[in-house]
Amino acid sequence: MARDLVDLLWRDHPDAPRGGTRGPRARVSASDAVDAAVALADAEGLAAVTARRLAGVLGVSAMALYTHVGSLDDLHVLMADAVHAAMPREPYADDTSADHASAADALADRTWRRRVRAVAETNLTLLTEHPWLLDVADQRTALGPGTIAKYDHELHALDPLHLPDADRDAALTFVLDFVRGAARARRPDPHGAAMAAEWGTWGPRLAAYLADAHPLAQRVGAAAGAEQGAAYSPDHAWRFGLDRVLDALGALHRDA
């Protein structure tokens with residue numbers, strides 16, 4: 001029988017309960033199963049991580065697999081926490097301290113913006129390398145050591161804003177929600193290639209259908225398309241959106 005999820009998440013802690021010593025030693029561990037599941041999800045998506053498929057990779061039965069990871073939902077939580085634990089967490093480097101108040105204010109503004117931008121970019125990289133994370137919406141992930149360490153490190157990015165604790169949590173959530181939305185928008189469009197190939201034919205027909213209708217949509221769409229080189233540019237949306245997120249947090253800094 002598998003341990004409770006919280007014990008599985010903290011399985012490497014010295015105080016975590018251990019399995020019995022009787023009987024033959026298990027051929028695989030919970031960590032082996034989690035590592036194999038992450039590799040499978042990275043290669044083929046979360047839907048590929050089934051008990052039968054993973055058991056085959058590990059060379060055990062599906063029933064034996066469940067004794068190591070609990071349920072499939074529990075496994076998803078373990079996988080998310082494992083990749084969170086593996087994230088780089090570089091120390092936050094501040095600029096050289098300033099001598100007078102106005103320069104100190106400018107320094108603090110640069111410092112938190114640089115920190116929060118780094119948090120956003122690191123999380124976008126995480127979700128690009130492990131896109132299946134976008135399909136794991138389980139609040140129990142917050143119980144894991146990797147996720148807690150990630151949360152603590154990212155909260156420190158907001159130190160220069162001197163926010164109350166609840167606002168600090170909300171500010172980080174605001175940033176990470178934006179990142180998740182941007183990561184979803186970057187997922188490959190299965191119809192993108194077909195649209196590009198057919199646009200030479202579809203464009204004039206669409207223009208004929210529209211004629212003079214919706215002039216604002218036509219004008220703005222044409223201008224955006226000309227600037228971005230496509231109907232949608234995830235890179236342009238990322239740069240524009242992240243700057244606006246930082247501007248919104250900047251109001252908190254000015255009001256502090």
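Start by selecting helix 2 and helix 3: in this predicted model, helix 2 passes helix 3 in a right-handed crossing. Two packed helices are described by the angle between their axes and the distance between the axes. For this pair, the crossing angle is roughly 115°, and the axes come within 10 Å. Now show the side chains where the two helices meet. On helix 2 you will want Asp32, Ala33, Ala36, Ala37, Leu40 and Glu44, and on helix 3 their partners are Arg53, Leu54, Val57 and Leu58.

**Helix 3, from both sides**

Stay with helix 3, which covers residues 51–58, and colour its buried residues: Ala51, Leu54, Ala55 and Leu58. Turn the view until you look down the axis of helix 3; the buried residues fall within an arc of 100°, so they line one face of the helix. Next, add helix 2 (30–44), helix 4 (62–69) and helix 5 (72–85), against which the buried residues of helix 3 pack. Then swing round to the face turned away from the buried side, where you will find the exposed residues Arg52, Gly56 and Val57. Before leaving, click on Gly59, which follows helix 3 and has a positive phi, near 75°.

**Into the core**

Leu58 is a good bridge to the next stop. It belongs to the largest nonpolar core, a set of 58 residues, and is among those that touch the most other members. Select the others in that group too: Leu65, Leu75, Met79, Trp132, Val179 and Trp238. Which helices each supply at least two residues of this core? Highlight helix 1 (5–9), helix 2, helix 3, helix 4, helix 5, helix 6 (101–129), helix 8 (165–185) and helix 11 (234–255) to see them.

Now centre on Trp238. Leaving aside neighbours within four places in sequence, Trp238 is in contact with Ala120, Glu121, Leu124, Phe178, Val179, Ala182 and Arg186. Val179, you may recall, is another of the core residues that touch the most other members.

**Two loops**

Move to the loop between helix 7 (145–156) and helix 8, and pick out Leu161. Is Leu161 buried or exposed? Its relative accessible area is 0%, so Leu161 is buried. Add Leu249 to the selection and draw a distance between the C-alpha atoms: the two leucines are 88 residues apart in sequence and 8.7 Å apart in space.

In that loop between helix 7 and helix 8, also select His162. Its relative accessible area is 66%, so His162 counts as exposed. Check the backbone here as well: phi of His162 is near 55°, a positive value in a residue other than glycine.

For another histidine, go to the loop between helix 9 (192–210) and helix 10 (215–228), where His214 is found. The phi of His214 is also positive, near 50°, and this is again a residue other than glycine. His214 is exposed, with 56% relative accessibility.

**Zoom out**

Finally, show the whole protein chain as a cartoon. You should count 11 helices and 0 strands. How much of the chain is buried? Of its 256 residues, 34% count as buried. Switch on a surface, and about 15400 Å² is exposed, with carbon and sulfur atoms supplying 57% of it. If you build a contact map, look far from the diagonal: among contacts with a separation of 6 or more, 71% come from residues 24 or more positions apart.

Methods: Residues are numbered from 1 along each chain as its sequence is written. This is a predicted model: local features need pLDDT of at least 70, side-chain atom pairs count only at pLDDT 80 or more; totals for chains, interfaces and linings use all residues. Side-chain values use heavy atoms; hydrogens and water are left out. Buried means under 20% relative accessible area, exposed over 50%, partly exposed in between (1.4 Å probe, protein chains only). Helices (H or I, at least four residues) and strands (E, at least two) are DSSP runs, numbered from the N terminus. The arc is that of the directions from the helix axis to the C-beta atoms. Contact means heavy atoms within 4.5 Å. Accessible areas come from the Shrake-Rupley method with a 1.4 Å probe; for residues, only the protein chains shown count as cover. A nonpolar core is a set of buried Ala, Val, Leu, Ile, Met, Phe, Trp, Tyr and Cys residues joined through side-chain atoms within 4.5 Å. Axes are lines fitted to C-alpha atoms, for helices over the stretch in contact, and angles run from 0 to 180 degrees between N-to-C directions. A crossing is left-handed if the near helix is turned anticlockwise from the far one by less than a right angle, and right-handed if clockwise.
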